[in-house]
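These are my notes from a session with one model. I set out to look up how its strands are ordered and how its helices lie against them.

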Amino acid sequence: DLRPMFCEIGPITRADGSCMLSSGDTTVACALYGPGEVRQTREIIDRASVEVVYRSRVGNKGVEDRKREMFIEKSCSSAILAMLHPRTAITVNIQEMHDSGGLVSTCVNSACLALLDAAVPMRFLVACVHCAILKDGRVVLDPDRRQMKHTVATLLFTIESRTRSVISSHTEGKVSQLKLQECINMAKTAASTIFSFYRLVINRKFAKESL
């Protein structure tokens with residue numbers, strides 16, 4: 001099962017959209033800016049430029065951080081209707097607060113909630129799910145740090161809300177075709193739970209605003 005999720009929407013007042021998202025003990029803060037002015041070097045004539053900036057809790061940015069940024073960026077870019085805002089920039093800033101496993105999936109999901117908070121036009125919503133295959137062959141959904149010590153493979157899937165298709169994925173370790181399909185099926189089921197959570201969060205936001 002997925003670990004319990006908690007979200008505070010709009011905690012960063014100067015951002016166009018923001019959230020603080022926790023999945024179990026893993027917590028990230030996400031602030032979204034744009035569509036707005038773009039640096040000339042990043043300007044794209046027919047669509048908005050989407051940039052993700054990830055900051056870890058400690059230390060300078062390394063190769064792993066850049067890999068995280070690229071995965072989150074790919075997931076977000078697939079969802080955003082960037083052609084509606086040519087020659088602008090959409091910047092997603094994500095700050096790691098605490099990592100107890102499933103950090104990248106929490107980052108992607110926080111970015112989607114920040115996009116919703118900013119009312120950025122989207123083709124569909126995205127939900128990212130983390131799976132792991134343990135040494136005994138069992139598949140674990142949303143593993144924590146303790147479970148991660150006993151894995152032979154980890155898998156990330158970003159799933160879109162319209163057709164429940166996988167739009168981006170990342171695998172580390174050796175996975176059989178059978179286990180891969182098992183992970184995908186589990187991820188799609190879990191994504192439905194995450195999409196329901198998004199609805200709950202946004203409904204709560206509008207209920208507060210109407211008071």
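I count two strands as paired if DSSP finds at least two bridges between them. The model I examined is predicted.

Entry 1, a strand pair. I looked up the bridge partner of T27 and found H98 in β5. Strand β3, residues 26-36, is joined to β5 by eight bridges, and the two run antiparallel.

Entry 2, the sheet. I then asked in which order the five strands of the open sheet stand. The order is β1-β2-β3-β5-β4, with mixed pairing. β1 (5-9) and β4 are at the edges and have a single partner strand each, so one side of each lacks a neighbour in the sheet. From one strand to the next, I noted an average twist of 15°.

Entry 3, helix α1 on the sheet. I recorded that α1 packs on the sheet and touches β4 and β5. The direction of α1 makes about 145° with that of β4.

Entry 4, the span of α1. I checked the 17 residues of this helix (residues 63-79), which should span 24 Å at 1.5 Å a residue. The end C-alpha atoms are 25 Å apart, which agrees.

Entry 5, the buried residues of α1. I listed D65, E69, F71, I72, E73, S75, C76 and A79 as buried. They pack against β4 (49-55), β5 (89-98), α2 (103-117), β6 (126-134), β8 (151-160) and β9 (166-173).

Entry 6, helix α2. I found α2 lying across β1, β2 (17-23), β3, β4 and β5. Helix α2 runs at about 150° to β2.

Key: Residues numbered from 1 in each chain as written. Predicted model: local features only at pLDDT ≥ 70, side-chain atom pairs only at ≥ 80, totals over all residues. Heavy atoms only, no water. Expected span 1.5 Å × (residues − 1). Buried < 20%, exposed > 50% of the residue type's maximum accessible area, 1.4 Å probe, protein only. Contact = heavy atoms within 4.5 Å. Axes fitted to C-alpha atoms, helices over the stretch in contact; angles between N-to-C directions.
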